[in-house]
Amino acid sequence: MNYRLQDIMKMIIPGLYLMALVLGYEFLCSDFDIDTSKLKDLSAIVVLLIPFVGFVVGYFVECITAGLEHGWYALCGRRPSKNILEGSSIYPVADIEKIKTKHQISNGSITNDKANEALQAAKQSIPNKEVVEPYRNNAALARNIFGAQLIFTVLLAVLLDAFYTEVYWYLSLVALLAFLGYWIHHNHVYVKYVLAEYAKSLS
């Protein structure tokens, strides 16, 4: 299995973030107590385990968020590629008409399936995939950070008897919405650059 550093970090960072949220809440808002004298004795083991546990937790977060993303599109949620192919003013792509002509689509006939078909063809056809790789990693990291916040927010709602009276739950919800917007933005940016490189290859 050949993992690049970016692929590892997009799992470790959300995993550590979720762990920090859970442990921080336990320390600050519950009666949880820890024997610091024993922790000092185990400090070397803890330091070695933290990245590993963070990766495992992050891998779990990625599985959840990838499933949610595919489920959203399966339920006819709008794909970023559909928004961009329709002519987004926020994420414009030069020569977008070349892609629409290539795939025989017009503004009135752009469906999620057609848009996804064009995007998949673009991903396979662009000559220099390394150009769009940073945008893919940013989108994946933003999705996984959102996923970590989502899991924490749901955990609070399940574990707290009256979560709607807790200020921490509302703070978590605000962060969740902010991370959702950030993920949507980076997803559109990634798709924009994939389609832009594809349009260049059609010249």
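**Cores and charge pairs in a predicted model**

Student: Does K200 count as buried, partly exposed or exposed?

Tutor: The relative accessibility of K200 is 55%, a value to be read with the caution that the model is predicted. The cut-off for the top class is over 50%, so K200 counts as exposed.

Student: With which residue does K200 form a salt bridge, and where do both lie?

Tutor: The closest N and O atoms of the pair are 3.3 Å apart, and the two residues are 3 places from each other in sequence, about one turn of the helix. The partner is buried, with a relative accessible area of 13%. Both residues lie in helix 8, and the partner of K200 is E197.

Student: Which residues are joined into one network by salt bridges that share partners?

Tutor: The count of salt bridges in this model comes to 9, and side chains of opposite charge can pair when their charged atoms come close. Where salt bridges share partners, they join their residues into one network, and its members are K10, E62, E69 and R143.

Student: Which residue forms a salt bridge with R78 and also with K82?

Tutor: R78 is partly exposed at 41% relative accessible area, whereas K82 is buried at 12%. The salt bridge of R78 has an N to O distance of 2.7 Å, and in that of K82 the closest N and O atoms are 2.8 Å apart. The residue they share, which is partly exposed at 30% relative accessibility, is E86.

Student: Which helix gives the most residues to the largest nonpolar core?

Tutor: In soluble globular proteins, nonpolar side chains tend to be buried together. The largest nonpolar core here has 24 residues, and those with the most contacts inside it are I84, L85, I99 and L195. Helix 4 (80-85), helix 5 (96-102), helix 6 (112-125) and helix 8 (167-201) each supply at least two of its residues, but the helix that gives the most, with 8 residues, is helix 8.

Student: Which residues does L85 touch, leaving aside those up to four places away in sequence?

Tutor: L85 is among the residues with the most contacts inside the largest core, and its neighbours can be listed by name. Leaving out residues up to four places away in sequence, L85 touches I96, I99, K100, I105, N107, I110, A115, A118 and L195.

Student: How many residues are in the second, separate core?

Tutor: This second core stands apart from the largest one, and among its members are I151, F152, L160 and W169. Its number of residues is 10.

How values were computed. Residues are numbered from 1 along each chain as its sequence is written. This is a predicted model: local features need pLDDT of at least 70, side-chain atom pairs count only at pLDDT 80 or more; totals for chains, interfaces and linings use all residues. Side-chain values use heavy atoms; hydrogens and water are left out. A nonpolar core is a set of buried Ala, Val, Leu, Ile, Met, Phe, Trp, Tyr and Cys residues joined through side-chain atoms within 4.5 Å. Buried means under 20% relative accessible area, exposed over 50%, partly exposed in between (1.4 Å probe, protein chains only). Helices (H or I, at least four residues) and strands (E, at least two) are DSSP runs, numbered from the N terminus. Contact means heavy atoms within 4.5 Å. A salt bridge is a side-chain nitrogen of Lys or Arg within 4 Å of a carboxyl oxygen of Asp or Glu.
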